[in-house]
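Take a walk through this protein, from its overall make-up to single residue pairs. Keep the coordinates open as you read.

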Amino acid sequence: MQVFRGFRHPGIAPACALTIGNFDGVHRGHQAMLALLDTEARHRGLPSCVLTFEPHPRDYFAAIMKKPDLAPARVGTLRDKLTELAACGVAQTVVLPFDARLAGQTPDEFVDRVLVKGLGARYVLVGDDFRFGAKRAGDYGTLDTAGDLRGFDVARMQSYEVHGMRVSSSAVREALGKGRMAEVQSLLGRPYSISGHVVHGRKLGRTLGFPTLNLRFKHWKPAANGIFAVLVHGLVDRPIQGVANLGVRPSLDANDVNAGRVLLETHCLEWPAELAAELGSQGAYGKIVRVELLHKLHDELRYPSLEALMSGIAKDGDDARAFFASTHRQTTRDRI
């Protein structure tokens, strides 16, 4: 999949079959839409294209209004969004900066400048709640009329449901916020995961005997938070069981090199022997890993001392081991 920041690039396709949205989480509703887009693109002999925005439009308006509570919690990072879009067979994704200029465009200006002149849209697929343009003045009817005038087809996809539940990014955020990871997996069609480069931290975990892999979640408001039983992919050729903290580490002080940033800190329950010799040098730093959050153990806790923190981490490790053991027993029973 080709990725473009904006549409003024020589490598961008001159015409495309397009869908538009934030695609936070790339859930099963998004996946159904992308499958339809792929079919329509192939039928027309066009590349499929996703137009998405960074920051999220609601992030932008929350910042302008100085009301951070209006910003939605983020299901996934841009890296993970692009990974899942590629997995769905999208040919190209255009990430458009959402700024004052874009926010101020009328629906007609958006169609002319972005869809027609910028992306060469010949087919546009949107969701049933799609709105666009300044003050959200444009809707499906506006877009359909514009398509008749400007020579592109417009289609609308109705809501996608699983067991009678409408699948949406809001539903995924709610389930993540409540730690209902099985429900999250049902909505996404896969385990919830976060990926990224392993970065340096304070090395406090290593000092305490619990070395961690640190990934930055590049948004200040993740939909999930707390302590989780996890599987780590990308360290070696098999998944590694672990326990992870997603959040801002309330027990650490302001000297933390990642202070103020959301961090996913993962302690592998058994450090891979293949990497054991690297501890104390570069370790896993710089590797791209993917961490699946399978089961929430509890919310983040503030510990009064390092001793209490060590005891808490040890208990979390034991609880994670118990989760994996029970999962293994259930899998074994299901096979019998």
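Start with strand 9 and strand 14 (residues 288–298), which pair in the antiparallel sense over five bridges. The model is a predicted one. Within this pair, Ile194 stands opposite Val291 in strand 14. A helix covers the two strands. Helix 3 (residues 78–87) lies across strand 9 and strand 14. Its direction makes an angle of about 110° with strand 9.

Now widen the view. The whole protein has eleven helices and 14 strands. Of its 336 residues, 49% are buried. Many contacts bridge long stretches of sequence. Take the contacts between residues at least 6 apart in sequence: 74% of them join residues at least 24 apart.

Strands 9 and 14 belong to an open sheet of six strands. The order is 9-14-11-12-13-10, and the pairing is antiparallel. Which strands stand at the edges of this sheet? They are strand 9 (193–197) and strand 10 (213–216). Each has a single partner strand, so one side of each is left without a neighbour in the sheet. Neighbouring strands here are turned by 35° against each other on average, with direction ignored.

There is another sheet to trace. Six strands form an open sheet in the order 1-4-3-2-5-6, and here the pairing is parallel. Its edges are strand 1 (2–5) and strand 6 (153–157). Each of these has a single partner strand, so one side of each lacks a neighbour in the sheet. From one strand to the next, the twist averages 25°. As a rule, strands of a sheet pair through backbone hydrogen bonds, either parallel or antiparallel. This protein has a sheet with antiparallel pairing and a sheet with parallel pairing.

Go into the parallel sheet. Strand 2 (residues 16–20) and strand 3 pair in the parallel sense over four bridges. Ala17 stands opposite Ser48 in strand 3. Leu18 has Cys49 in strand 3 as its bridge partner. Is strand 3 mostly covered or mostly open? Strand 3 (residues 48–54) is mostly covered, with six of its seven residues buried.

Next come two helices. Two packed helices are described by the angle between their axes and the distance between the axes. For helix 7 (residues 169–177) and helix 8 (residues 181–188), the axes come within 8 Å and cross at roughly 160°. An angle over 145 degrees counts as roughly antiparallel. Helix 7 and helix 8 are therefore roughly antiparallel to each other. The crossing is left-handed.

What fills the contact? Helix 7 brings Ala171, Val172, Ala175 and Leu176. Helix 8 answers with Met181, Glu183, Val184, Leu187 and Leu188. The residues of this contact divide into eight nonpolar, no polar and one charged.

Finish with a single residue. Ala314 sits in helix 11 (residues 306–335). Is Ala314 buried, partly exposed or exposed? Its relative accessibility is 31%, so Ala314 counts as partly exposed. Buried would mean under 20%, and exposed over 50%. Ala314 also shows how the chain brings separate stretches together. Ala314 and Phe210 are 104 residues apart in sequence, yet 8.6 Å apart in space, C-alpha to C-alpha.

Key: Residues are numbered from 1 along each chain as its sequence is written. This is a predicted model: local features need pLDDT of at least 70, side-chain atom pairs count only at pLDDT 80 or more; totals for chains, interfaces and linings use all residues. Side-chain values use heavy atoms; hydrogens and water are left out. Two strands pair if DSSP finds at least two bridges between them. Axes are lines fitted to C-alpha atoms, for helices over the stretch in contact, and angles run from 0 to 180 degrees between N-to-C directions. Contact means heavy atoms within 4.5 Å. Angles under 35 degrees count as roughly parallel, over 145 as roughly antiparallel, 65 to 115 as roughly perpendicular and the rest as oblique. A crossing is left-handed if the near helix is turned anticlockwise from the far one by less than a right angle, and right-handed if clockwise. Ala, Val, Leu, Ile, Met, Phe, Trp, Tyr, Cys and Pro count as nonpolar, Asp, Glu, Lys and Arg as charged, and the others, Gly among them, as polar. Buried means under 20% relative accessible area, exposed over 50%, partly exposed in between (1.4 Å probe, protein chains only).
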